[in-house]
Amino acid sequence: MAATPDGADVVVVGAGSAGCALARRLVDRGLRVVLLEAGGADTNPDIATPGRLAYLWHAEEDWAYHTVAQPHAGDRRLHWPRGRVLGGSSALNGMIWARGAAADYDHWAYLGNDGWSWADVLPVHRRMEDLDAGRSALRGAGGPIHVLSRYRPDPIFESCVKAAQETGVPVNPDYNSGELDGVSHTQLTIRDGRRQSAAEGYLRPIADHPGLTVVTRAHARRLLFTGDRCTGVEWERDGRTATTRADVEVIVSAGTVESPRLLMLSGLGDAAELRRHGIDVRVDLPGVGRNLHDHLLVPVIFGTGRPVGRSPELSPMQSHLFWRTRSGLPVPDVQALHFPVPMYQPGMSGPPDGFTLQAGLVRPVSRGRIRLTGADPHAELDIDPATLACAQDVEALVDAVILCREMGTAPSLTGEWAAREIYPGPQVRTRDELRAHVRATAGTFHHQVGTCRMGADDRAVVDARLRVHGVRGLRVADASVMPAVTTANTNAPAILIGELAADFVTADHTDLVAAGHSRQEQP
Ligand SMILES: Cc1cc2nc3c(=O)[nH]c(=O)nc-3n(C[C@H](O)[C@H](O)[C@H](O)COP(=O)(O)OP(=O)(O)OC[C@H]3O[C@@H](n4cnc5c(N)ncnc54)[C@H](O)[C@@H]3O)c2cc1C
């Protein structure tokens, strides 16, 4: 029997980084899967062309969220682009492939999440990737996601790597080894000049498989229950409502913003808040929507004496560095990203030729939350990440800005490129003035996580096998389950979460997996 929009073994909500990996692995193991995606097909040519990623912001494929005004960040509302299309945010992202630090996963395991230590996840990271440099004890080849590491970076990025070394930052030959520290050229999810989204890598090869039904423009409105078991999903398309039955499980992979919304609309959340919106409480889970956190970027902008230039078939981010602002940290707290354009913000002006060293905070302490504003699935969300609420985040970013400024005065950038700082600008000298620059310009690094946190305590939403506490037949698998964000970009960790979710489902239903295989073997 094939999967149909009416029913399947597993219904996955959201075809993003995690959802695509999860659906693929379940189908490979003989389960019938329906994948519901709110967005459309990934046919916009700007998705495939790496150099055109900026054109996807505010396009049809962008959910284009805005936070509420952030009092510690100049009262600004921050724009959060997220993918609403097959591939999810992996179809919109900067294509940097980064696992994070070994210590990130050991920390998750330390919090009571068995099976998530670096030793546990390393084989899964290896099976996900197809590194052009080939297989090794730490790296994988032959997996669904092609990783480009052997390319000729544009000249400005060669200079950035040299400038970092001149500033005292050593080269790291492979920041995906579990140890991040140092400066490197980025490894990119690009094959033959085309983006490798999770949809491209995981779904495209099985597009015609009878065990998989992908329904695009299907917006899940709520989860359906029989007793305490989740047995299906109600969704809408073009104004019409439909349901899909799940014979085994429902897995929510709608991302850090939408997964908590779908849980809350289905009666899983903070009981008092749900009642305030007239939603029947199924399980009082006060952790849903909390623990929201994100990496941040602060621009340090330089003008150059000549045009910088860049290749359209590569990501515009071809080098970055990881660095510790103080001794005693177990992992770097800064990831500085290098861009080949002056990234002026509204109200800024300067010469057209230049580059930007984005000072990135990757161990944020501030935590916020996402709340419903009503029971309507399309109501605007109250998204409050509490950006820079903790002074420690500001101090780390000030140190990161100082590092980027120093890099901009290194010979490799001042010589050949005649680099000169435009922002914060030479008039900004004291630490207080730098704090003001941080608060006025900090923006998202696009790595929101944590709103359906994995753990064993009473604020956790899912357990270590990603099962939602208090119900049966329901898991969450996406970046929202991270107890704490990884110390780098979050696409690879989100895909890892999808891969592991598939392992958990198949381990829990070995009988079905065996039956599915014999079904597939029949002529
Ligand atoms: C602009 C940008 C740049 C980034 N750059 C990088 C980078 O260079 N490297 C990196 O590693 N990471 C990067 N990231 C982050 C990374 O892409 C994300 O962390 C990752 O894709 C998150 O995966 P996910 O599965 O949690 O969610 P997503 O990939 O966002 O998937 C969620 C999916 O669920 C769908 N959905 C939501 N609600 C519903 C519903 N109710 N019904 C049906 N479907 C629904 C969405 O449309 C979406 O397709 C970037 C992100 C952005 C937005």
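Here are a few friendly notes on the ligand site and on Ser90 in this predicted model.

1. Let's start with the surroundings of the ligand. The shell holds 39 residues, and those that come nearest are Ser17, Glu37, Ser89, Thr490 and Asn491. Sorted by class, the shell is made up of 17 nonpolar, 17 polar and five charged residues.

2. Next, some polar contacts you may want to display. The side chain of Trp63 places an N or O atom 3.1 Å from an oxygen atom of the ligand. Two backbone atoms are worth a look as well: an N or O atom of Ile96 is 2.8 Å from a ligand nitrogen, and an N or O atom of Asn491 is 2.8 Å from a ligand oxygen. As for cover, the ligand taken alone exposes 1000 Å², of which the protein buries 97%. Helix H1 (17–28), strand S11 (219–226), helix H7 (255–265) and helix H12 (491–508) are the elements that each supply two or more residues to the shell.

3. Now to Ser90, which sits in the loop between strand S4 (79–80) and helix H3 (102–110). Is Ser90 buried or exposed? Its relative accessibility is 2%, so Ser90 counts as buried, the cut-off being under 20%.

4. Finally, the partners of Ser90. A polar atom of the Ser90 side chain lies 2.6 Å from the backbone oxygen of Gly87. Beyond neighbours within four places in sequence, Ser90 is in contact with Ser17, Arg195, Ser197, Ala198 and Asn491. Two of these names, Ser17 and Asn491, also appear among the residues that come nearest to the ligand.

Definitions and conventions
Residues numbered from 1 in each chain as written. Predicted model: local features only at pLDDT ≥ 70, side-chain atom pairs only at ≥ 80, totals over all residues. Heavy atoms only, no water. Near = heavy atom within 4 Å. Polar contact = N/O pair within 3.5 Å; in protein donor to acceptor, adjacent residues only side chain to side chain. Areas by Shrake-Rupley, 256 points an atom, 1.4 Å probe, with all protein chains shown as cover. Helix = DSSP H or I, 4+ residues; strand = E, 2+ residues; numbered from the N terminus. Nonpolar A, V, L, I, M, F, W, Y, C, P; charged D, E, K, R; others polar. Buried < 20%, exposed > 50% of the residue type's maximum accessible area, 1.4 Å probe, protein only. Contact = heavy atoms within 4.5 Å.
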